[in-house]
Structures are given as C-alpha cells and as structure tokens.
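Biologist: Hello! Could you walk me through this structure, one question at a time?

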Amino acid sequence: MDFSLTDDQKALAAAAADFARAELVEHAADWDARSHFPVEVIRRAGEAGFLGIYTPEEHGGLGLSRLEASLIFEQLAQGCISTTAYLTIHNMVTWMIASWGDDALREAWVPAMVAGEALGSYCLTEPGAGSDAASLRTKAVREGDEYVLSGSKMFISGAGATEVLVVMARTGAPDSGAGGVSAIVVPADAAGIEYGKNEEKMGWKSQPTRLVSFDGVRVPVTNRLGAEGEGFRFAMKGLDGGRLNIASCSLGAAQQALTLSRDYLAERQQFGRELSQFQALQFKLADMASELTAARLMVRHAAWRLDQNDPEATAHCAMAKRFATDMGFNVCNEALQLHGGYGYIREYPLERLVRDTRVHQILEGTNEIMRLIVARRLLADGVIESLQ
C-alpha cells in the first residue's frame with residue numbers, strides 16, 4: 001500500500017500553493033473585513049486551471065481525479081478558506097453541466113466557466129428544505145418547449161454575482177419526493193429572478209450568500225440536465241465530491257492554524273522561556289497534528305474510493321466530511337487558544353479561521369446528516385465487515 005503522491009500530484013499541489021501565496025493570503029483579511037467577492041482573482045484562478053479541475057478534458061477542464069482536486073483545494077484554502085470554498089462550488093456546477101448537459105448546453109456554458117468568464121451557483125437548499133432536500137418545493141412546470149420556474153432558494157453562494165445557476169426543481173407531483181426533482185440550468189439574469197440581501201454571516205464573508213426567488217422564470221426544456229426526475233441523483237453525486245471538497249478546505253485551514261501555532265510558540269516567551277518549551281503546549285501541538293493527519297488520510301482515502309466508483313464511496317465521503325470538518329474547526333479553535341488574547345483580535349488570522357471553518361460542519365449536509373448516512377450503511381449486511 002503506497003501512500004506517497006506522484007510527481008505530477010506534488011506539482012499540482014505546489015502550483016496551488018504558489019497561487020495561494022501570490023493571490024490569496026495577503027488579501028484574505030481585507031476581503032473578509034469588506035465582505036468583498038474577489039471576482040478578478042477568481043477569474044485568474046480560471047487562467048491557472050482551477051475552475052475546471054475535474055471537468056473532463058474534452059470539455060476544456062483538467063480532467064483530474066477527486067484525489068487531485070483535494071490536494072489543490074487543501075493548498076488554496078491555506079490562502080483564503082472562504083474564496084476557496086466558492087471555487088469548490090463553481091467547480092461542482094461546471095462539472096455537473098459538463099457531465100449531464102447536452103452538447104449545446106455544454107458549449108454555451110462550460111468553456112466560459114472553465115475560463116472564469118462565467119461563474120456559477122448551485123441552488124438546492126430552500127427556506128423550508130435544508131437537510132430534507134427531497135422535500136423541496138421550487139417548481140418547474142412544463143409549458144411546450146419551456147419550463148416555468150417558481151419558488152425560492154436560500155443560502156446560495158455567489159448569488160447575485162454569478163452568471164449561471166443550476167437549480168433543483170420539482171417537475172413531478174408535489175408528493176413525488178426525490179424522484180420528482182430535475183436539475184435545470186438557468187441564466188442568472190433571466191426575467192423573473194430576484195436576489196435577496198447579501199446575508200451578514202459569521203464567516204465566509206468573501207463570497208455573497210443570498211436568497212434567490214423565481215417568479216415565472218422561463219427556460220428551454222433543453223436546459224435540463226439529463227432526464228426528468230434525475231436531478232436529485234445528480235445532486236447527491238455532486239454532494240459526494242462537494243463533501244470531499246469542503247473537507248479539503250478544512251484540512252487547509254487546520255494546516256495553516258498548525259503552522260501559525262508552531263511559529264507563535266517558538267517566538268513568544270513567558271516565565272523566562274519560549275512557550276514551545278512547555279510540555280503541556282507541546283502535547284497540544286502534537287494532538288492537533290495527529291488529528292490533522294488522521295483527517296487528511298480519511299479524506300484522501302474517500303477521494304480514492306470515489307475515483308474508483310466504489311459502491312461504498314458515499315459513506316466514506318460522509319465519514320471523511322464529518323471527521324475532517326469537526327477536526328478543522330477544533331484545530332483552529334485550539335490554535336486560537338494557544339495564541340491567547342492575540343488569537344482573538346483581527347490582526348492575527350486565527351479568529352477568521354475559526355469563523356470560516358465553523359460553517360463547514362453545516363453545509364454540504366450537516367454533520368448530523370453525515371452520521372445518518374453512515375449509520376444507515378453500517379446497518380446493511382456485511383458493510384461493517386467491509387471496513388476492515
């Protein structure tokens with residue numbers, strides 16, 4: 001069993017680290033303070049190839065594996081967690097259109113999205129449908145060769161500043177559950193769309209988050225991804241990768257927090273010696289590193305299973321997401337504690353790392369839902385034995 005990265009994978013991680021140092025890390029605090037969405041930097045991420053990471057090569061993407069995507073996102077997150085998290089969402093939207101759109105739809109959107117000329121938002125959550133996504137109520141009623149959309153979506157990243165939306169809407173009967181949901185590509189400036197205020201959030205401030213309302217929005221039936229009723233399946237497939245992506249952002253945050261903590265303990269003196277000489281603080285640093293290493297292995301193992309189309313990949317992605325996002329928040333929180341009062345002020349990045357990682361335990365499926373996904377699989381015959 002070889003856990004080492006290939007030379008190509010190391011080069012990808014190094015390129016992402018270079019981009020993070022050049023374009024993200026020096027600006028992250030300012031973007032956070034001003035709630036600024038750095039569109040121009042995101043477009044430069046497209047020039048670097050980071051907006052079509054696992055979009056197939058035949059559609060203009062890099063065609064990389066989910067493991068390689070994880071390596072890239074972990075490095076980018078060390079520059080700015082919030083902006084990197086948006087990049088993960090854009091990558092998912094681009095991949096969905098490339099994977100299940102027809103040729104005309106791909107041609108209309110994917111090249112521009114890969115290049116950063118068009119940015120995307122993913123519209124699943126509703127005011128009344130969060131964890132129970134199959135109960136969504138946004139409707140898409142077919143009238144001839146068009147769908148007419150009505151309803152609303154909540155907590156949509158990038159909304160109001162992006163060019164295209166992938167909307168999960170009910171094309172079946174009101175009680176049709178997951179089987180009545182379709183995925184529809186909607187231009188973000190279509191008539192009948194309205195955007196709510198940019199929500200004032202605890203973290204993730206470098207990307208806007210808004211409610212999106214649809215009132216008689218008309219789009220061609222050809223804007224549907226796949227067949228009617230396949231949308232929920234596409235959404236869940238997207239979320240397997242999305243959970244790894246956000247877990248990878250947590251890895252990057254924890255790595256940054258660990259590095260900052262090591263440096264601070266070496267520089268700061270109390271009671272006549274460096275903090276790094278106190279055994280209790282050494283133990284704390286060791287625990288943080290151990291938890292980060294365990295989470296990193298889980299995320300990369302889950303990504304490998306997803307790349308192999310393993311039948312248990314969904315459960316492994318859920319386990320990795322739950323563990324890595326809990327770990328990421330805990331490590332950042334412990335790092336803030338190690339910095340004492342300095343960790344609590346904005347001159348140091350620790351308080352922002354804590355704020356930005358907290359939401360990772362909620363989105364892409366709450367960590368309680370991750371436990372539910374895993375538990376249901378564990379109760380099936382033979383699954384616990386297969387974990388060995």
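Modeller: Gladly! Please keep in mind that this is a predicted model. A good place to start is the largest pocket, with a volume of about 1200 Å³.

Biologist: Between which domains does the largest pocket lie, and why?

Modeller: Look at where the lining comes from. Elements giving two or more residues to it include strand E3 (146–157), helix H7 (231–267) and helix H9 (313–338). Two domains both contribute lining residues, so the pocket lies between domain 2 (121–228) and domain 3 (232–386).

Biologist: Which residues lie nearest the centre of the largest pocket?

Modeller: The lining is made up of 41 residues. By class, 22 are nonpolar, 9 polar and 10 charged. Those nearest the centre are Thr125, Ile362, Leu363, Glu364 and Gly365.

Biologist: How many disulfides does a search of the whole structure find?

Modeller: Let's take two cysteines as examples. The closest cysteine sulfur to that of Cys249 belongs to Cys80, and at 9.7 Å it is too far for a bond. Cys317 is unpaired as well, with the nearest cysteine sulfur, in Cys249, 15 Å away. For the whole structure, the number of disulfides found is 0.

Biologist: Is Cys249 buried or exposed?

Modeller: Buried means under 20% relative accessible area. Cys317, at 0%, meets that cut-off. Cys249 has 0% relative accessibility, so it too counts as buried.

Biologist: What percentage of residues 6–117 is helix?

Modeller: An unreviewed UniProt entry annotates this span as "domain: Acyl-CoA dehydrogenase/oxidase N-terminal". Its end C-alpha atoms lie 32 Å apart, and its strand content is 0%. The helix share is 71%.

Key: Residues are numbered from 1 along each chain as its sequence is written. This is a predicted model: local features need pLDDT of at least 70, side-chain atom pairs count only at pLDDT 80 or more; totals for chains, interfaces and linings use all residues. Side-chain values use heavy atoms; hydrogens and water are left out. UniProt positions are given in the numbering used here, feature names are shortened, and annotations may be inferred rather than shown by experiment. Helices (H or I, at least four residues) and strands (E, at least two) are DSSP runs, numbered from the N terminus. On a 1 Å grid over the protein atoms alone, a cavity is a set of points where a 1.4 Å probe fits but cannot get out, and a pocket is an open set with protein on both sides within 12 Å along at least five of seven lines; lining residues have an atom within 4 Å of a point. Grid points are joined across faces, edges and corners, and a volume is the space filled by probe spheres set on the points. Ala, Val, Leu, Ile, Met, Phe, Trp, Tyr, Cys and Pro count as nonpolar, Asp, Glu, Lys and Arg as charged, and the others, Gly among them, as polar. Domain bounds come from an automatic or database domain assignment. A disulfide is a pair of cysteine sulfur atoms within 2.5 Å. Buried means under 20% relative accessible area, exposed over 50%, partly exposed in between (1.4 Å probe, protein chains only).
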